[in-house]
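Student: I would like to know how the terms used for a structure like this one are decided. Please take me through them.

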Amino acid sequence: MNHEEIRLGSSVIKIVRGDITRERVDAIVNATNASLRPGGGVCGAIHSAAGKALTEDCRRVMADREPLVPGEAAATVAGDLDAKYVIHALGPVWHGGDQGEPEALASAYRTSVEIADKLGLQSIAFPSISTGIYGYPMMAAAHVALRALRLALERAHSVREIRIVLYDADAYEAWLGAAR
Ligand code: AR6
């Protein structure tokens with residue numbers, strides 16, 4: 001099987017392997033930094049694929065607000081991506097796990113689903129937030145994320161499909177293990 005599905009009533013969480021910038025969904029979630037700058041990792045890839053409109057909308061959003069704290073998220077246009085919105089979620093930097101990292105990571109996922117739901121969206125694609133440059137151990141992150149996403153889906157009105165898009169084989173295997 002090349003993907004894993006977790007069914008929850010009429011909703012589903014799918015774990016797939018791929019490049020999130022190629023997803024066709026209502027919202028693509030970005031693992032951002034506090035000031036919504038292009039950055040590296042999946043964030044750099046999303047900004048490059050989306051083009052100038054995304055980076056400019058990020059600047060517009062930040063002109064009206066304080067930097068994000070870990071666990072927060074904000075929506076912008078999606079530029080050239082095949083999505084209606086990009087939801088920029090800030091995950092925690094890993095400091096060993098006893099500095100509120102699980103709570104902040106759960107909040108980043110939950111808040112992104114809440115924003116998508118308020119926008120009336122049905123499908124969202126997530127990367128594995130915090131598990132690259134921010135150093136969160138992959139398996140631990142997958143467990144926290146899946147638990148948060150289950151709860152968020154149960155409360156959502158419009159969101160029906162969540163896709164977790166894993167770029168590399170190790171990440172994909174870790175998430176499959178957590179899902180099972
Ligand atoms: N599609 C899906 N997943 C990807 C892709 C892609 N195209 N490219 C990388 N990943 P990271 P973080 C995976 O470092 O840890 C940025 O500079 C990658 O393998 O992108 O939350 C931001 O601006 C990893 O598993 O995000 C922040 O400063 C996962 O995406 C900081 O990095 C997340 O890795 C955020 O760090």
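Tutor: What follows covers the ligand and an aromatic pair. The model is predicted: local features need pLDDT of at least 70, side-chain atom pairs count only at pLDDT 80 or more, and totals for chains, interfaces and linings use all residues. Residues are numbered from 1 along each chain as its sequence is written, and side-chain values use heavy atoms, with hydrogens and water left out.

Student: What makes the approach of Val-42 to the ligand a polar contact?

Tutor: A polar contact is a pair of N or O atoms within 3.5 Å. A backbone N or O atom of Val-42 lies 2.7 Å from a ligand oxygen, so the pair meets the cut-off. Ile-133 also places a backbone N or O atom 2.7 Å from an oxygen of the ligand. For Tyr-134, a polar backbone atom is 3.0 Å from a ligand oxygen.

Student: How many residues of each class make up the shell around the ligand?

Tutor: The shell has 10 nonpolar, 10 polar and two charged residues. Here Ala, Val, Leu, Ile, Met, Phe, Trp, Tyr, Cys and Pro count as nonpolar, Asp, Glu, Lys and Arg as charged, and the others, Gly among them, as polar.

Student: Why is the aromatic pair of Trp-94 and Tyr-136 called tilted?

Tutor: Rings of Phe, Tyr and Trp (its six-membered ring) pair if their centres lie within 6.5 Å; planes under 30 degrees apart count as stacked, over 60 as edge-to-face and the rest as tilted. Trp-94 and Tyr-136 are 4.6 Å apart centre to centre with 55° between the planes, so they pair and are tilted.

Methods:
Polar contact = N/O pair within 3.5 Å; in protein donor to acceptor, adjacent residues only side chain to side chain.
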